[in-house]
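Please open the structure in your viewer and keep the selection tool at hand. The tour below moves from one selection to the next and says what can be found at each stop.

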Amino acid sequence: MKTENGTPEINESLIFSVSEITHHLKQVLETQIEALYVAGEIGSFLRHNSGHIYFNLKDENAVIRCAFFRNQNYQLDFEPQDGDQVVCFGKISIFEKSGQYQLIIQNMFPSGKGILLQKFEQLKQKLKSEGLFDPEHKRPLPKYPGTIGIITSPTGAALQDILNILSRRYPCQVKVFPSLMQGAEAPRQVINGLDCFNREQDVDLIIIARGGGSQEDLFAFNDESLARAVYNSGLPVVSAIGHEIDFTVIDFVADLRAPTPSAAAELATPDRAEVNLGLDSISRSLSMVAGRYLINLQNELHKSQIRLMHYNPERALQSYQQRFDEAAAGLLRLDETIESLRKETDQLQRLFCREVMHAGSQISRSGQHKAELAATRLDFALRSKMQKIAYKLDLAEAGLDDLSPRKVLARGYSIVRKQGTTINSIRNVKVGDELEMIMSDGKADVAVRAVEQNRERDAEK
């Protein structure tokens with residue numbers, strides 16, 4: 001809907017405050033526009049007591065306000081002033097209080113250095129177009145490096161910074177390839193270091209490290225041959241050149257860019273304290289798992305021992321031996337009973353004979369008949385008694401047959417004798433003894449070559 005003069009009707013939800021508009025524009029500028037280089041002339045230069053620098057950067061047609069804060073401008077190697085032609089590197093933002101857009105500067109150079117920046121940008125765009133900066137070419141660093149190769153000046157502060165961090169954080173072996181880190185010869189020497197470490201293959205990763213400096217000092221690391229050597233390295237490469245605001249071409253080609261040499265040491269290694277905590281946790285877990293595993297094994301061993309004791313041939317043989325002894329004792333008692341019955345029968349026969357002879361002289365013919373009848377009854381009684389004895393003998397014989405050692409021997413057991421005496425313990429045998437082994441179908445003479453005692457059985461005893 002529109003009003004009479006053609007403007008849209010007011011919608012409360014579409015009304016913005018000045019602060020909201022300014023804040024929105026600031027977010028758009030800061031997120032959509034990357035850091036860039038801007039060339040111009042300094043005007044209205046002011047160094048504040050706080051250390052911050054404020055000035056205008058202008059050309060023939062426009063002016064942009066600039067802010068160069070103390071934590072960034074401390075490394076300037078020249079004193080800017082009104083009228084200087086400079087190149088500034090920074091990001092576009094908005095100062096919300098005034099609603100004025102401005103350039104937040106990260107670094108600044110005299111415009112005489114613009115040729116170097118131009119070369120830097122040209123090489124950067126060339127290598128980027130060839131894919132040397134693509135993330136898929138970046139290799140991960142080893143999680144626990146054993147040896148780190150460092151290409152740097154052996155007398156520079158960068159090496160000491162790295163060594164100090166490593167000694168505190170993660171002590172490991174370090175190999176240093178000494179190299180110039182500025183000047184015309186620096187790129188070739190750094191390339192030689194990369195070739196050396198890749199050829200020897202005795203390090204896990206490579207750090208190229210140099211402290212801060214001017215643009216000219218760091219320009220050696222904008223060399224195309226060096227950038228390609230970093231890209232073609234078979235080992236992961238960490239670039240640690242200058243300070244956080246310094247960028248070189250090899251920073252974009254390397255597998256990882258560290259803002260400082262000290263940061264490179266931290267990014268390339270784990271924290272020893274965290275590693276120890278992780279190892280302690282793993283050790284505790286392994287101990288718990290191993291403990292449970294050992295308990296299970298002990299339970300299985302105990303069950304196996306019980307089963308072994310139940311099916312132990314020696315124990316079964318002992319049982320048969322005991323039953324055999326009991327049957328032998330029963331047979332002996334039976335023999336005694338038979339002998340007692342035999343004596344009783346003999347006594348009855350003698351008594352019968354005496355009675356018959358006595359009756360023969362005194363009785364008549366009818367008496368003889370009675371005697372014959374008594375004899376018949378006695379014979380029946382004797383026969384009945386003998387049948388009972390024979391039945392008991394048959395039962396004893398069957399029991400003895402069940403307990404016969406021959407049946408035990410037929411199941412694979414054997415009886416070992418030494419000089420006619422049965423051996424039932426390994427303690428009664430020594431090396432060199434000649435023994436007799438009785439089996440179900442014969443016997444054999446053997447000589448003892450070795451003796452091994454059952455320690456588990458001794459422990460049970």
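A residue is called exposed when its relative accessible area is over 50%, buried when that value is under 20%, and partly exposed in between. By that rule Lys443, at 59% relative accessibility, counts as exposed, and it can serve as the starting point once it is kept in mind that the model is predicted.

**Stop 1: salt bridges towards the end of the chain**

Select Lys443 together with Glu436, which form a salt bridge whose closest N and O atoms are 3.1 Å apart. The two partners fall into opposite classes, because Lys443 is exposed at 59% relative accessibility, while Glu436 is buried at 18%. Next, select Asp433 and Lys418, whose side chains meet in a salt bridge with an N to O distance of 2.9 Å. This pair links distant parts of the chain, since Asp433 sits in the loop between β12 (421–422) and β13 (434–439) and Lys418 in strand β11 (residues 415–418), 15 residues apart. Asp433 counts as buried, with a relative accessibility of 8%.

**Stop 2: the whole chain**

Zoom out and colour the protein chain by secondary structure, which comes to 14 helices and 14 strands. Of its 461 residues, 29% count as buried, and the accessible surface amounts to about 30,200 Å², with 53% of it belonging to carbon and sulfur atoms. Among contacts with a separation of 6 or more, 62% are accounted for by residues 24 or more positions apart. A search of the whole structure finds twelve salt bridges, and the next stop returns to some of them.

**Stop 3: a network that includes helix α7**

Select Lys126, Glu130, Glu224 and Arg228, which are linked in a network of salt bridges. Within that network, the side chains of Glu224 and Arg228 meet at 3.0 Å, N to O. Both residues lie in helix α7, four residues apart, which is about one turn of the helix. Glu224 is partly exposed, with a relative accessible area of 27%, and Arg228 is likewise partly exposed, at 26%.

**Stop 4: the largest nonpolar core**

In soluble globular proteins, nonpolar side chains tend to be buried together. Here the largest nonpolar core has 30 residues, and those with the most contacts inside it, which make a convenient selection, are Leu194, Ile206, Ile208, Phe221 and Val230. At least two residues of this core are supplied by each of α3 (114–129), α5 (186–200), β8, α7 (224–231), β9 and α8 (249–253). The most comes from α5, which gives five residues.

Which residues does Phe221 touch, not counting residues up to four places away in sequence? They are Met181, Val190, Ile208, Arg210, Leu226, Ile241, Thr248, Val249 and Ile250. Move on to Thr248, which is found in the loop between β9 and α8 and is buried, with a relative accessible area of 1%. Leaving aside neighbours within four places in sequence, Thr248 is in contact with Phe120, Leu218, Phe221, Asn222 and Ile241.

**Stop 5: helix α9**

Select residues 261–268, helix α9, whose buried residues are Pro261, Ala263, Ala264, Ala265 and Ala268. What covers these buried residues includes α4 (157–169), β8 (205–210) and β9 (237–241). Ala264, Ala265 and Ala268 also belong, with Ala209, to a core of 17 residues.

**Stop 6: cysteines**

Select Cys88 and Cys66, and display the distance between their sulfur atoms. Why is there no bond between Cys88 and the closest cysteine sulfur, in Cys66? The two sulfur atoms are 5.3 Å apart, too far for a bond, given that a disulfide calls for sulfur atoms within 2.5 Å. By this rule the disulfide count comes to zero. Cys88 counts as buried at 0% relative accessibility, whereas Cys172 is partly exposed, with a relative accessible area of 22%.

**Stop 7: a nonpolar patch on the surface**

Finish with Phe16, Ile21 and Leu25, which form a nonpolar patch on the surface and together have about 300 Å² of accessible area. Ile21 is found in helix α1 (residues 18–32). At 42% relative accessibility, Ile21 counts as partly exposed.

Note on methods
Residues numbered from 1 in each chain as written. Predicted model: local features only at pLDDT ≥ 70, side-chain atom pairs only at ≥ 80, totals over all residues. Heavy atoms only, no water. Buried < 20%, exposed > 50% of the residue type's maximum accessible area, 1.4 Å probe, protein only. Contact = heavy atoms within 4.5 Å. Core = buried A, V, L, I, M, F, W, Y, C linked by side-chain atoms within 4.5 Å. Patch = residues over 30% accessible without salt bridge, like charges linked within 9 Å, V, L, I, M, F, W, Y side chains within 5 Å. Areas by Shrake-Rupley, 256 points an atom, 1.4 Å probe, with all protein chains shown as cover. Salt bridge = Lys/Arg side-chain N within 4 Å of Asp/Glu carboxyl O.
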